[in-house]
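Work through the exercises below with the sequence and the structure at hand. Each task is followed by a solution in steps.

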Amino acid sequence: MQLSFTYEANPGRTIFAPGSLASLGDELTRLGFNRALIICTPPQRDLAERINAMLGDRSAGIFDGALMHVPFETVVACRDVALKSLADCTVAIGGGSTTGLAKALALEDGLPIVAVPTTYAGSEMTPIWGMTKDRRKVTGRDRAVLPKTVIYDPELLVSLPASITGPSGLNAIAHAVEALYAPEANPITSLMAEEAIRAIGQGLPKSIETPDDISARSSTLYGAWLAGATLGMVGMGLHHKICHTLGGTFDLPHADVHAIVLPYVAEFNASAAPGAMARVAMALGGLAASDAGRCLYDLRRKTCPKQSLASLGMAQSDIRHAAELASAGSYPNPKIASADDVERIIIEAFHGLQP
Ligand code: NAD
């Protein structure tokens, strides 16, 4: 076997177990933190209150203003609370929006993070940060934003509604699919990516049917952890470029867009990345690279309420503009995609067609 690769792991500690939220206090002690500011979105305030009571005088309070895309004003407001409450770390309890806010404070103020993810987005495993200022989202990579510890407690996912569970799981799978054909892919990231797709493929439908099935939630969260870790180690391709364009420029919901676009990009890339796409297909019960798009489509049909960009409110008249934006600039992808190629992908996604 001829092999040639570079593997660079990100630092960090992961604790994974049903009920592991209870270990948060011990974890703060282990890390030497004394006052944790608990960060969450407004709807997750109750969970933050639970943690606040659990931490007692080691809590510096709650900031419940985390919002999608990390608006700069929110970072300023959260920093103010952190300074006034003498916080020496943050506990980010929630999805990518909450983790994103904690990352902004880690980047700008050096406040270390303990993350407790409650969606499958995977941000907690990546050094990628993002902030929105004057309607422009700026992103970057910095290891300073990696949480010191991530506590994965599948019991916290039980409350995630089906309307978020399905798209969030597909969002995680999208990281793994693109990790398999990334230029930096190596044997470890590919093992992780394939296992991620298999674990989510098995756990996601059951998590929708029976939301409190801890075994199904565990399988999906385990896959999301692996997928997030691959996202943190390799670059993403055409799929992420299209989704960031659609989400950023047309204000469409992040996870739903990923779920809807993914089968068509997989189909487009199948002939140029047959090995990667065969692994995707086999992880989902298919037989060959050419099955990848259909397997992802079938999983989306089973688990996601929204099946088309049209149903998310995208205007048909924006398709060409979106295709031109998404095909501009350079990004790694197994196959070069022209504006016409991207337009075809977006048209399929707009109608939610079978690939
Ligand atoms: P989110 O964090 O915005 O959460 C979506 C909604 O679900 C929120 O209203 C939240 O309150 C609610 N929620 C979360 N967990 C819940 C639970 N267990 N029970 C009930 N409700 C719950 O959505 P997301 O998809 O997790 O994150 C999306 C954001 O994360 C995007 O801005 C995206 O760009 C970013 N992201 C960043 C990275 C990265 O590496 N930096 C990776 C993935 C996503």
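**Exercise 1.** Which helix gives the most residues to the shell around the ligand?

Solution. The model is a predicted one. Start with the shell itself: 23 residues surround the ligand. Then look at the helices: α4, residues 96–109, gives the most to this shell, with three residues. The closest residues around the ligand are T41, S97, T118, T119 and T126.

**Exercise 2.** Sort the shell around the ligand by residue class: how many are nonpolar, polar and charged?

Solution. The polar class has 12 residues. Nine residues are nonpolar, and two are charged.

**Exercise 3.** Find polar contacts of the ligand with T126, Q44 and L160, using a cut-off of 3.5 Å between N or O atoms.

Solution. Step one: take the oxygen atom of the ligand that lies 2.6 Å from a polar side-chain atom of T126. Step two: turn to Q44, where an N or O atom of the side chain is 3.2 Å from a nitrogen atom of the ligand. Step three: at L160 the partner is a backbone N or O atom, 3.4 Å from a nitrogen atom of the ligand. To finish, consider the area: the ligand taken alone exposes 870 Å², and the protein buries 84% of that.

**Exercise 4.** Describe how helix α9 (residues 254–269) and helix α13 (residues 339–351) cross.

Solution. The two axes come within 9 Å and cross at roughly 140°. Angles over 145 degrees would count as roughly antiparallel; the crossing at roughly 140° therefore makes α9 oblique to α13. The last step is handedness: α9 passes α13 in a right-handed crossing.

Conventions
Residues are numbered from 1 along each chain as its sequence is written. This is a predicted model: local features need pLDDT of at least 70, side-chain atom pairs count only at pLDDT 80 or more; totals for chains, interfaces and linings use all residues. Side-chain values use heavy atoms; hydrogens and water are left out. A residue is near a molecule or strand if one of its heavy atoms lies within 4 Å of it. A polar contact is a pair of N or O atoms within 3.5 Å; within protein, one must be able to donate a hydrogen and the other to accept it, and residues adjacent in sequence count only if both atoms are side-chain atoms. Accessible areas come from the Shrake-Rupley method with a 1.4 Å probe; for residues, only the protein chains shown count as cover. Helices (H or I, at least four residues) and strands (E, at least two) are DSSP runs, numbered from the N terminus. Ala, Val, Leu, Ile, Met, Phe, Trp, Tyr, Cys and Pro count as nonpolar, Asp, Glu, Lys and Arg as charged, and the others, Gly among them, as polar. Axes are lines fitted to C-alpha atoms, for helices over the stretch in contact, and angles run from 0 to 180 degrees between N-to-C directions. Angles under 35 degrees count as roughly parallel, over 145 as roughly antiparallel, 65 to 115 as roughly perpendicular and the rest as oblique. A crossing is left-handed if the near helix is turned anticlockwise from the far one by less than a right angle, and right-handed if clockwise.
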